[in-house]
Every structure is written in structure tokens, then in C-alpha cells.
Amino acid sequence: MSKLQKQMRMVDLGTTVKVDKSGNRYNAVTKEGVKLNALMGTHKRKAAYESGNALQLFEYDTGSGRRYWAEVPMSEFLNNGLPEIPVGVDVPEDHIEAMEFIHSSYSLKPDSLIMNELKWKYLIRSAVRAKNIMMTGMSGCGKTMAAKALVNALDRPDFYFNMGATQDPRSTLIGNVHFNNDDGTYMAESLFVTAIQTPNAVILLDELTRAHPDAWNILMPVLDSGQRYLRLDEKVDQATIKVAEGVTFVATANIGNEYTATRMLDKALLDRFTVIEMDILNDTEEAGLLKYMFPNVEAKALEDVASIAHLTRVEACNNAARIESGISTRTSVELSGLLYDGFELKDAAEITIYPQYDAAGGVDSERTFVKQIVQKFITDGTEEELFTDEEMDSEA
Ligand SMILES: Nc1ncnc2c1ncn2[C@@H]1O[C@H](COP(=O)(O)OP(=O)(O)O)[C@@H](O)[C@H]1O
Ligand SMILES: [Mg+2]
């Protein structure tokens, strides 16, 4: 079902709208003042406006559940509609629009991102409600991807900052002080200063956990809903820049198995966000993603990759785990990319997986343990394997 069809479902049958002209736009509005333009074409609105008729929502009597808008006399609009609203209870137009947007938003999630519907809606809802969002989860589980998808879905001005890569937080977040003979000392403001002054901007702070503590200190008042300003200079009190109306921040943080990062991230900073944890994909989801991304690679091979990743993740969750963290989705995507380019599982694992696991301790090492898991999926001797295939072919 398309996004529009879903929205259409949410409007009651018999809903009647009047079309007004504003500039060169034809707006279809219910008695309660809710704009429903998206649910019908411009030509339909224009025609109703020109004939002085209202539009009403009907359902085809074929039982298909399909609906359509038809012109009805204006008296229908005036007499019809929902019961009078008691005085004092305002139907918040914004609220209805926000709800419709949130609940029809799953279609805005890119197919390439695996994230369940509830989580995605919660993500959209937090942004619509102007909350600052912190995406957490282990490395390579899709935090940056989800944050970027959110930003795309919102259709608002957006800015991206990789906080993990900033060497000098002051110049990234505030700007640089320069000098020339004509102007003396002056400040070249950072892109971040522009970003926070852009109304309704969505500002992505990627890898916030890896940022320099100075960056957190600078961001503290910016992110605090009670303050919302950037201090340009630590010494001078009045040198601040206000965060514009509607600006929201979306941060990502590697939290999960990496406890150290959690501890390092200041509790006060964390309190300024709604935390949304990215789930680790299960083996079915992971296999589905890999098949979607690499339709030309043999499905069985990709299922094996998903199983390997899954087994390591299950192990990492055990009480007496022999490895600290499981293989990330990023790694299984990389590994599958190598399979696509003709590498054998054995070699692909050698390159993408093993370097992530400590070899210290020999047979008891993390690397040995992971190798043993991979080994189960490697057929020893390709010739034997081919022979078996031939056997099967000749029997068929
Ligand atoms: N949930 C997911 N859905 C789809 N792809 C994913 C997912 N998680 C990880 N990936 C893959 O792994 C890569 C890295 O994801 P990324 O968002 O950069 O991880 P993170 O920011 O959590 O470290 C992505 O480019 C994508 O190919
Ligand atoms: Mg990331």
C-alpha cells in the first residue's frame, strides 16, 4: 500500500472538504481546518473550486476498499462533517498532520535499511516532536545509515558533522580567529554556526562518542532545551549565538558491547537526548539484507555469511563468552562484497573478519574461536565439492 493510500484509509468515509484558492494553490480543507491536499490531485481540487462544489470521500462498491473523492453540492460540506466540536477543545491541526505523517512514514524508510516499523516510527516521531535523538548500538549496525535516512525522510535543511574525525573541536564548532591588516582580528564562523542558525535544520552529529571532550563541553548548552545557545568565547559572557527555532540534533554513539564508550559519554550529555537503540539483525534479517544487496551471489553462500555473523553474536552475548563482540553487519556486507568479486569465503574471512579478533593466546584466542566457526562453512577441497555437484546433476 502506498503512503497516500494509507493516509486515505485514515480519513473517514463521508469526509467532506471545501476547496479554497490561496495564491496559485488549491487547498482542500475540512470543516475542522485540516488540509487534505495530499489525498487528491490538483486537477480535482481545481475543478471543484471552479464549479463551486465540495468534495466528498466515497468507497467503490466493488468491495476492493478503494476510495475516491467526488464533487458534491456545497451544502453537503456546510451540513456535513464531524459533530460540532465542544468549545475549548481545539482540534490541533498540527497534531493530526503530525500523526498522519508519523504513521505513514514507514514507506519513507529506504529498502536498503533494515529497521523494524515501530523503531522507525519512533525515530520519525522523535524528530517530528523536535527531540534530540541519539542512535546507539554496536559499531556497524546501521546507526549512521538510519540517521541519514531519517534526515532524508524529513525534507528539512540538513547538516552533517563527523565528530569522530574532528581534531580541533573549537574550529569545527565555533570557527577560527584570523587576522589581517585591514580588519584586525576577526572570526571566521564555522559551518556549525550556520547550521544552528538555520530554522528547522536537522543537524547530524555522527560518532559523538568518539568526539573530543572539549566538543562535548561546547555542545552542552547548545543541546540543552533550557539554554539552546552556543558560547563563542569562554571568557566573554555575552558572546553567544542562539539556536534557531525548530533545530534538532541527531547524534550517533557506539554503545553496546563497548562499555568504555558509555562510561566516557557524560551522563549530562546523554540526558539531552532521546536514546534509540539500533537492533542487531537476526540471521534471517541479515541474510535478507545480503541477498537484497548482492542478488548475483549464490543465496546459500550469503546465508552462510549471515549464520557465521549470527553465531558470533550469540556467543558474544553469553555469560562466559569467548569473544567480546560479534561480527557486525558492516563486516558481513564487506565480506559478501568480496564473495561477489570472486573471493572464496576462506580468503574473504581472512581479510575482513580475523583482523578484528585478537590472536594472542594461540588456540585459546578469540581469533581461533572465530576461525572455528567460519571453518564449519568452508568446504574442504573444491574439487570434491564439484564432483558432488556433478553427481547430483547426472542423477537429475
Ligand atoms: N540495519 C542495517 N540495515 C542495512 N544495512 C546495514 C544495517 N546495519 C549495517 N548495515 C551495513 O553496514 C554498513 C555500515 O553501517 P553504518 O550505518 O555505517 O554503521 P554504524 O554507524 O552503526 O557504525 C552500511 O553501509 C550497511 O551496508
Ligand atoms: Mg557510524
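In which strand is the place of glutamate 189? In this predicted model, glutamate 189 belongs to strand β8, which spans residues 184-189. At 47% relative accessibility, glutamate 189 is classed as partly exposed, because the buried class ends under 20% and the exposed class begins over 50%. Apart from neighbours within four places in sequence, the residues in contact with glutamate 189 are Ile174, Gly175, Gln197 and Ile241. A further relation across the sequence links glutamate 189 with leucine 232: the two are 43 residues apart along the chain, and their C-alpha atoms are separated by 9.6 Å.

Two residues other than glycine are noted for their backbone angle phi. Asparagine 200 is not a glycine, yet its phi is positive, at about 65°. Asparagine 200 is found in the loop that runs between α8 (191-196) and β9 (202-206), and its relative accessibility of 39% makes it partly exposed. Arginine 228, also a residue other than glycine, has a positive phi near 50°. The loop that holds arginine 228 lies between α9 (213-223) and β10 (229-231).

The surroundings of ligand 1 were examined next. The ligand is surrounded by 16 residues, and the closest of them are Ile114, Gly140, Lys143, Thr144 and Met145. By residue class, the shell comprises eight nonpolar, six polar and two charged residues. Polar side-chain atoms approach oxygen atoms of the ligand at three residues named here. For lysine 143, a polar side-chain atom is placed 2.8 Å from an oxygen atom of ligand 1. For threonine 144, the distance between a side-chain N or O atom and an oxygen atom of the ligand is 2.7 Å. For arginine 330, the corresponding distance from a side-chain N or O atom to a ligand oxygen is 3.0 Å. On its own, ligand 1 has 560 Å² of accessible area, of which the protein covers 87%. Two or more residues of the shell are contributed by each of the elements α6 (143-154) and α14 (329-340).

Serine 112 occupies the loop between α4 (93-103) and α5. With a relative accessible area of 28%, serine 112 is partly exposed. When neighbours within four places in sequence are left aside, serine 112 is in contact with Met145, Leu289 and Tyr292. Of these contacts, Met145 is also listed among the residues closest to ligand 1. Serine 112 and leucine 289 are 177 residues apart in sequence, whereas their C-alpha atoms are 7.2 Å apart in space.

The number of salt bridges in the model comes to 11. One of these joins lysine 121 to glutamate 117, with 3.3 Å between the closest N and O atoms. Both residues are part of helix α5 (residues 117-128), and because they are four residues apart there, about one helical turn separates them. The two partners have their own accessibility classes: lysine 121 is buried, at a relative accessible area of 18%, while glutamate 117 is partly exposed, at 35%.

A second salt bridge pairs glutamate 286 with arginine 313, and the closest N and O atoms of this pair are 2.9 Å apart. Glutamate 286 is in helix α12 (residues 283-293) and arginine 313 is in helix α13 (residues 299-317), so the salt bridge ties together parts that are 27 residues apart in sequence. Glutamate 286 and arginine 313 are both buried.

A third salt bridge is formed between aspartate 347 and lysine 346, where the closest N and O atoms are 3.4 Å apart. Aspartate 347 is partly exposed at 30% relative accessibility. Lysine 346 is also partly exposed, and its relative accessible area is 49%.

Helix α16 covers residues 366-375, and its buried residues are Glu366, Thr368, Phe369, Val370, Ile373 and Val374. These buried residues of α16 pack against α13 and against α15 (345-352). Helix α13 is the element that also holds arginine 313, the partner of glutamate 286.

Methods. Residues numbered from 1 in each chain as written. Chains lettered and ligands numbered in written order. Predicted model: local features only at pLDDT ≥ 70, side-chain atom pairs only at ≥ 80, totals over all residues. Heavy atoms only, no water. Near = heavy atom within 4 Å. Polar contact = N/O pair within 3.5 Å; in protein donor to acceptor, adjacent residues only side chain to side chain. Areas by Shrake-Rupley, 256 points an atom, 1.4 Å probe, with all protein chains shown as cover. Nonpolar A, V, L, I, M, F, W, Y, C, P; charged D, E, K, R; others polar. Salt bridge = Lys/Arg side-chain N within 4 Å of Asp/Glu carboxyl O. Buried < 20%, exposed > 50% of the residue type's maximum accessible area, 1.4 Å probe, protein only. Contact = heavy atoms within 4.5 Å.
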